[in-house]
Amino acid sequence: MTDFYERGYERCIVTFIDILGYRNLLKTKHASELAAVVNALRSFAAGDGDDEDSPSHMDEIRLNTQAFSESVSDAVVRVRTVDTQSPDGPLVYELIDLLHAIIECLNRGILIRGGVTIGPAYVGLNGKGPIFGPAMVRAFEIEQNEAVYPRIMIDEAVLAAYAQDDSLWQNAEFDGGEARLTRSFIGVADDGSYFLDYLRAAGPGEFDAGVVGQFAFLRGHRELIVEGLRNDDAKVRRKFVWLANYHNRFVASLQASYDLSGSDGAFEAELGISPQAMFDSLPIEPTWDRHLDRIHALAESVADDW
């Protein structure tokens, strides 16, 4: 990798994102509707450096970490500079930006998939691109071949670098508070891969309405999944099954942190519903198990002729 940095590339955190189910949307949506969906993703995933003027002096270049983006069709590539004059925690900033993009997209019924990595990329001194490089290729490979489900996967190389290199931390110092914040964003899948655990990261503080906003988001999340599970395409349904299982696991963990008796009345006073009733309304019934349920019922009831 050193050779790339000697040839004009710089170390960056690179994220590649696209809209899940875009081909199906092409077949079913009016062009104006699809344009609105694509423009929404571009808006939410845009980099904070995209609209800034180019630096006029060399000493103004790379003062702080910034993200720059380029879009093609339904895909967005984000490149966040790492090695800046003032180390300010580029990984945390990228995770926060991606969390906000996911929330905004989900609130509009848009599912996204992506990959995040770290490595050599070119974005130009002024951040205007063109964007290319080995890290962009790797992020694209993660999105295309590894993410599979509606999630943003985090390359193991990112966490390995973050755990060992203090230049990726605020003020270039390892810090317990930042470590706890970063950990809250990272989920571990059953196969050991890492992904942005947006349900856990999207606590009450991420919503203007606080706890009310969080539960409204979870209800909307449930409705989106239930609708997706009705899809006739088995390949599409499997993606929603993954999302339903993720949703149900989070709801169960969140429920465990609440007093379901609502003995102080604060929950019901704020949300207009008891804690028990709220949590009873959030899980998604595993209808995808219906065939196994039928086989199990037969195993229990039909005489054994073997």
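1. Ser73 lies in the loop that connects strand β2 (67-72) with strand β3 (75-81), and in this predicted model the residue has a phi near 55°, which is a positive value in a residue other than glycine. Its relative accessibility is 35%, and because buried means under 20% and exposed over 50%, Ser73 counts as partly exposed.

2. A second residue of this kind is Ala172, found in the loop between helices α6 (156-164) and α7 (176-185), where its phi is likewise near 55° and positive although the residue is not a glycine. With a relative accessible area of 26%, Ala172 is also partly exposed.

3. Helix α4 covers residues 90-107, and its geometry can be checked by simple arithmetic: at 1.5 Å a residue, its 18 residues should span 26 Å, and the C-alpha atoms at its two ends are indeed 26 Å apart, so the expected and computed values agree. Just after α4, Gly109 adopts a positive phi of about 75°.

4. The buried residues of α4 are Pro90, Leu91, Val92, Glu94, Leu95, Leu98, Leu99, Ala101, Ile102, Ile103, Cys105 and Leu106. When reading that list, it helps to recall that an α-helix has 3.6 residues a turn, so residues three or four places apart point the same way. The list includes the acidic residue Glu94, which a colleague inspecting the helix may wish to look at in the structure.

5. On the cysteines, a search of the whole structure finds zero disulfides, a disulfide being a covalent bond between the sulfur atoms of two cysteines. Cys105, which belongs to α4, has 0% relative accessibility and therefore counts as buried; Cys12, also at 0%, counts as buried for that reason too.

6. For the chain as a whole, the secondary structure comes to 13 helices and seven strands, and the C-alpha trace spans about 80 × 50 × 45 Å along its principal axes. Of the 306 residues, 44% are buried, while the chain exposes about 16,200 Å², of which carbon and sulfur atoms supply 51%.

7. Two further totals describe how the chain is put together. Among contacts between residues at least 6 apart in sequence, 66% join residues that are at least 24 apart. The chain carries 27 positive and 49 negative charges, and the mean positions of these two sets are 7 Å apart.

Technical notes: Residues numbered from 1 in each chain as written. Predicted model: local features only at pLDDT ≥ 70, side-chain atom pairs only at ≥ 80, totals over all residues. Heavy atoms only, no water. Helix = DSSP H or I, 4+ residues; strand = E, 2+ residues; numbered from the N terminus. Expected span 1.5 Å × (residues − 1). Buried < 20%, exposed > 50% of the residue type's maximum accessible area, 1.4 Å probe, protein only. Contact = heavy atoms within 4.5 Å. Areas by Shrake-Rupley, 256 points an atom, 1.4 Å probe, with all protein chains shown as cover. Lys, Arg positive; Asp, Glu negative; His and termini not counted. Charge placed at Lys NZ, Arg CZ, Asp CG, Glu CD. Disulfide = S-S within 2.5 Å.
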